[in-house]
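User: I am new to this structure. Please take a close look at a single part, and then show how that part sits in the whole chain.

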Amino acid sequence: MLSCRELSETATDYLEGTLTLRQRVGVKMHLLMCKHCRAYVDQLAKTVALLRSAQTGQDSIEPDPRVIEVFRNAAGKP
């Protein structure tokens with residue numbers, strides 16, 4: 001089973017639907033047992049939805065490529 005740390009590292013990929021079936025099952029099993037991670041993933045999903053809705057408004061928020069790069073490097077992704 002995934003640890004809370006492993007779940008937090010894969011939460012964005014889970015929400016984006018880019019995990020394998022095995023990874024998704026692992027995340028779902030962890031979320032069934034861990035209320036703290038359920039709250040974290042729920043909060044992350046709401047944040048993403050809020051940012052997306054803000055982008056459709058007049059004042060669009062453009063992601064800073066440097067910030068994205070920092071997050072990718074922290075997660076060990078290319």
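Analyst: **Salt bridges and their surroundings**

Asp-42 counts as partly exposed, at a relative accessibility of 38%. Its side chain meets that of Lys-46 in a salt bridge, with 3.1 Å from N to O. Lys-46 has a relative accessibility of 54% and counts as exposed, because the cut-off for exposed is over 50%. Both residues belong to helix 3, which covers residues 35–55. They are four residues apart there, so about one helical turn separates Lys-46 from Asp-42.

Before going further, note that this is a predicted model. The average pLDDT of the protein chain is 86, and 85% of the residues score at least 70. Confidence is highest in helix 2 (residues 21–33), at 97, and lowest in helix 4 (residues 65–74), at a mean of 78. Where pLDDT is low, the predicted coordinates should not be read in detail.

How many salt bridges does the structure hold? There are two. Besides the pair in helix 3, Arg-5 forms a salt bridge with Glu-9, and the closest N and O atoms are 3.8 Å apart. That distance counts because a salt bridge is defined by a nitrogen of Lys or Arg within 4 Å of a carboxyl oxygen of Asp or Glu. Arg-5 and Glu-9 are both in helix 1, four residues apart, or about one turn of the helix. Arg-5 is exposed, with a relative accessible area of 64%. Glu-9, at 48%, is partly exposed, because that value is not over 50%.

The helix that carries Arg-5 and Glu-9 can be followed from end to end. Helix 1 runs over residues 4–16, which makes 13 residues. From its first C-alpha to its last it reaches 19 Å, close to the 18 Å expected at 1.5 Å a residue. A kink of about 50° is centred on Thr-10. Which residues of helix 1 are buried? They are Leu-7, Ala-11 and Asp-13. After helix 1 comes Gly-17, which has a positive phi, near 75°.

The loop between helix 1 and helix 2 also holds Leu-19. Leu-19 has a relative accessible area of 7% and is buried, because buried means under 20%. Leaving out residues up to four places away in sequence, Leu-19 touches Thr-10, Asp-13, Tyr-14, Arg-24 and Val-27. Among these, Thr-10 is the residue on which the kink is centred, and Asp-13 is one of the buried residues of helix 1.

Two residues of helix 2 add to the picture. His-30 lies in helix 2 and is buried, with a relative accessible area of 3%. Its contacts, apart from neighbours within four places in sequence, are Met-1, Leu-2, Ser-3, Cys-4, Leu-7 and Cys-37. One of them, Leu-7, is among the buried residues of helix 1. Met-33 is also placed in helix 2. Is Met-33 buried or exposed? At 54% relative accessibility, Met-33 counts as exposed. Not counting residues up to four places away in sequence, Met-33 touches Met-1 and Arg-38. Met-1 is likewise one of the contacts of His-30.

The whole chain gives the frame for these details. The protein chain has four helices and zero strands, in the order α-α-α-α from the N terminus on. It has 78 residues, of which 15% count as buried. Its exposed area is about 6400 Å², with carbon and sulfur atoms supplying 58% of that area. Among contacts with a separation of 6 or more, 52% are accounted for by residues 24 or more positions apart.

To return to the starting point, the salt bridge of Asp-42 and Lys-46 lies within helix 3, and that of Arg-5 and Glu-9 lies within helix 1.

Key: Residues are numbered from 1 along each chain as its sequence is written. This is a predicted model: local features need pLDDT of at least 70, side-chain atom pairs count only at pLDDT 80 or more; totals for chains, interfaces and linings use all residues. Side-chain values use heavy atoms; hydrogens and water are left out. The expected span of a helix is 1.5 Å times one less than its number of residues. The bend at a residue is the angle between axes fitted to the seven residues ending there and the seven starting there. Buried means under 20% relative accessible area, exposed over 50%, partly exposed in between (1.4 Å probe, protein chains only). Contact means heavy atoms within 4.5 Å. Accessible areas come from the Shrake-Rupley method with a 1.4 Å probe; for residues, only the protein chains shown count as cover. pLDDT is the predictor's confidence in each residue, from 0 to 100.
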